[in-house]
Amino acid sequence: GEDWQAVSEAVSDLVENTTQALEQAEELHEQIRSNAATLKPGSEMVQSCADLQEAHEMIIQLKKQLKQVEKRKEAARSLVLIQHEMDQLQNDTTRRCPSS
């Protein structure tokens, strides 16, 4: 059942990475917003608005991604548990009914 363990760990890493990416996106969003106060009207403002919009979109995407990844993590965990129980059953059966 090591491969199930590996799947589970990979998914956990994915959750971790996605969470970090989301935090970074939110920080970036915050930075752009605080910078916006110092901008001169005109092209700087327009660019800032575009950046802000982009950062916002990225946050939304990452939040969606995080939800999906967390669902996958739950599914992987369930599979690991099921696999583990199957292994246990297999072992019990083997012990109880020696083939020889």
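## How the two helices meet

At what angle do the axes of helix α1 and helix α2 cross? In this predicted model, the axes of α1 (residues 2-36) and α2 (residues 43-96) cross at roughly 160° and come within 8 Å. An angle over 145 degrees counts as roughly antiparallel, and α1 and α2 are therefore roughly antiparallel to each other.

The crossing of α1 past α2 is left-handed. Sorted by class, the residues in the contact of α1 with α2 comprise 21 nonpolar, 10 polar and seven charged ones.

## A look along α1

Let's turn to α1 itself. Helix α1 is built from 35 residues, and from its first C-alpha to its last it reaches 51 Å. That is close to the 51 Å expected at 1.5 Å a residue.

Which residues of α1 are buried? They are Ser-8, Val-11, Val-15, Thr-18, Leu-22, Ala-25, His-29 and Ile-32. What do these buried residues of α1 pack against? Their packing partner is α2.

## Zooming in on Val-15

Val-15 is a handy residue to find on your screen, and it lies in helix α1. Its relative accessible area is 9%; buried means under 20%, so Val-15 is buried.

Which residues does Val-15 touch, not counting those up to four places away in sequence? The answer is Leu-66, Val-69, Glu-70 and Lys-73. Take Val-69 from that list: Val-15 and Val-69 are 54 residues apart along the chain, and 5.9 Å separates their C-alpha atoms.

Conventions:
Residues numbered from 1 in each chain as written. Predicted model: local features only at pLDDT ≥ 70, side-chain atom pairs only at ≥ 80, totals over all residues. Heavy atoms only, no water. Axes fitted to C-alpha atoms, helices over the stretch in contact; angles between N-to-C directions. Helix = DSSP H or I, 4+ residues; strand = E, 2+ residues; numbered from the N terminus. Parallel < 35°, antiparallel > 145°, perpendicular 65-115°, else oblique. Left-handed = near helix turned anticlockwise from the far one by under 90°. Nonpolar A, V, L, I, M, F, W, Y, C, P; charged D, E, K, R; others polar. Expected span 1.5 Å × (residues − 1). Buried < 20%, exposed > 50% of the residue type's maximum accessible area, 1.4 Å probe, protein only. Contact = heavy atoms within 4.5 Å.
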